[in-house]
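Colleague: Could you take me through a few features of a model and explain how each should be read?

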Amino acid sequence: MDATALDNLREALRGPLVTPQDAEYDEARSLYNAMIDRRPAAVARCTGAADVRTTIAFARQTGVELAVRGGGHSGPGLCLVDGGLTLDLSPMRWVRVDPVNRTAQVGGGSQLGDLDHETHTFGLGVPAGINSTTGVGGLTLGGGHGHLTRKYGLTIDSLVAADVVLADGSVVTTTEKEHPDLLWALRGGGGNFGVVTSFTFRLHPVHTVGVAATVWPVEQTQDVLRWYREFLPAAPEDLNGFFAVMTVPPAPPFPEPLHGRKVCAVIWCYTGDLEGGRLDDVLSVVDDPAPPAFHFATPMPYPMLQTMFDDLVPKGLQWYWRGDFFDTVTDEALAVHERFGRELPTGLSTMHLYPVDGAAHDVAPGETAWAYRDATWSGVIAGIDPDPANADLIRRWCVDYSTALHPHSMGGAYVNFLGESGDADSVRATYRDNYARLSAVKHTYDPDNFFHANQNIPPAA
């Protein structure tokens, strides 16, 4: 990239422009997933819409490839392009809460921890994710699910407006009345349509929740999962619980004799009444499939639940993941889960089944870009380890697990779980019958496919 042009861009930006000559370059290009190693020509750290427009204009004028970075994980590293320009929204971390109207406006570079902290003081929240370090932007644009999904729906079901800088540099605010087709596409269609500088969410009552972790030996995976697949969809929407195969971490609340053991588990979140031991009553059923090796339950402020796994999976680990949607867990899939649970390759590698039923099923498949409103679970298989020497090991386990499980899936996956498997066919499968409409919206707002460093939806001809 021409040095003079970069100097001109640097002078035009309020935020810093980081290039390979700068001491902070390696930090600016580092990712949550350390398996990805890319070297952009520059990273433009934008402080507001003006910087975003300037960066887009520069990329269009010079023809350099542009990628957009929010504030969080970017598992497949699509926010970086070798030799390209990254538009980095991470300086735009702010949240403004309107407790009277129960809404929150959130900067495009914010993380879930920022949102949870500001809304919690008013006893409010948004159904979004299970880690406070997840970026609000990437999670929302993909659809978003988490501990509150069965009670309040997907993250996009609470999205009421967004400020967007388009490929031509113009700025629009999209709502149900203004540019409603764009809002429809942003509700799950990924980063294909523009740079979202702020999101506005409808907030829901949540303050202290019941949190529990129930653990069984991995050898009981089939029995537990057979029970779980019937119990949870029939349970009240106040109860959420994601299923996992995992290795017990050497940390509280798990007792030392369990540390390092391979297990299956359910992590529970209960938003109902906690008075009078109600949480224990609700979870008294955990003995039904088999006596658990460990069960822990306690009331907890919702933001604390959102940070429970942050220290376990910090930035800088090796990650390889794949996902699928499931409407049921077939009998054949039970054996697949137990087999690969027994074969967990490293202490952090895991598989999660996140519930996406309950309130998420109250929205029709065509009302948002998220097409799998009939799914019961969004599954993800994640090979994780701090040692780069284990990259092939965790990749092979993840691919083999996914290959064995995919025939029992619905055929598509949550776009944020596609990882490196996000080819054109996988993206099309993610959106089902909504794909054609998304492609038409793409043609309206980005006819040249300027925003293509993503799980891409090309514009309709």
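Colleague: What volume does the second largest pocket have?

Modeller: This is a predicted model, in which local features need pLDDT of at least 70 and side-chain atom pairs count only at pLDDT 80 or more, while totals for chains, interfaces and linings use all residues. Residues are numbered from 1 along each chain as its sequence is written, and side-chain values use heavy atoms, with hydrogens and water left out. Rolling a probe the size of a water molecule over the atoms shows where empty space is left. The second largest pocket (an open set of points on a 1 Å grid over the protein atoms alone, where a 1.4 Å probe fits, with protein on both sides within 12 Å along at least five of seven lines) has a volume of about 290 Å³, the volume being the space filled by probe spheres set on the points, which are joined across faces, edges and corners. Of its 19 lining residues (those with an atom within 4 Å of a point), Arg69, Gly71, Gly72, Gln111 and Lys315 are the closest to the centre.

Colleague: How many disulfides does the structure hold?

Modeller: A disulfide is a covalent bond between the sulfur atoms of two cysteines. With the criterion of a sulfur pair within 2.5 Å, the structure holds zero; for Cys264, the closest cysteine sulfur, in Cys398, is 19 Å away, too far for a bond.

Colleague: Is Arg150 buried or exposed?

Modeller: Arg150 is buried (under 20% relative accessible area with a 1.4 Å probe, protein chains only), at 1% relative accessibility. Its side chain reaches the backbone oxygen of Pro236 at 2.9 Å and that of Leu239 at 2.6 Å.

Key. Buried < 20%, exposed > 50% of the residue type's maximum accessible area, 1.4 Å probe, protein only. Polar contact = N/O pair within 3.5 Å; in protein donor to acceptor, adjacent residues only side chain to side chain.
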